[in-house]
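Please look over the chain shown here, beginning with its overall fold and ending with its main pocket.

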Amino acid sequence: MTKVKIRRGDNVIVTTGRNKGLKGEVLEVIRKGKDPRVVVAGVNVVKRHTKPSAANPQGGIVEKEAPLHISNVSLMDETGKPTKVAYRIDGDRKVRIAKTTGKEI
């Protein structure tokens, strides 16, 4: 299993695919299965046809975010540019560092 350096709540930018250039916040990180995926708010929105249920009595077409492979997104630094992640030991805790700026994420 690969090391996942992106966490829920991080701001990311999509680097490849039909949603390239879109930015958003990570809603969920899915680590199970053979490849890690992330769900980003407002990115990779798909339409699903749903049957009426107790939660949704009307049914119909629902728009929701589909997962993206984690390699297709990159963490953003405070300037809005994609960056890689490094780690530094700060006292007794391990902190993530943006490689472009050198500041803590």
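The paragraphs below go from the fold to the surface and then to the pocket.

This is a predicted model, in which local features need pLDDT of at least 70 and side-chain atom pairs count only at pLDDT 80 or more, while totals for chains, interfaces and linings use all residues. Residues are numbered from 1 along each chain as its sequence is written, and side-chain values use heavy atoms, with hydrogens and water left out.

The chain has ten strands and zero helices, where strands (E, at least two residues) and helices (H or I, at least four) are DSSP runs numbered from the N terminus. The radius of gyration, taken over C-alpha atoms, is 17 Å, well over the 13 Å that the globule rule gives for 105 residues, so the chain is more spread out than a compact globule; that rule is 2.2 Å times the number of residues to the power 0.38. The C-alpha trace spans about 55 × 30 × 25 Å along its principal axes.

Of the 105 residues, 31% are buried, meaning under 20% relative accessible area with a 1.4 Å probe and protein chains only.

The largest pocket (on a 1 Å grid over the protein atoms alone, an open set of points where a 1.4 Å probe fits, with protein on both sides within 12 Å along at least five of seven lines) is lined by 13 residues, and Lys5, Ile6, Ile70, Val73 and Val85 lie nearest its centre; lining residues have an atom within 4 Å of a point. Strand E7, residues 73-76, gives the most to this lining, with three residues.

Definitions and conventions
Buried < 20%, exposed > 50% of the residue type's maximum accessible area, 1.4 Å probe, protein only.
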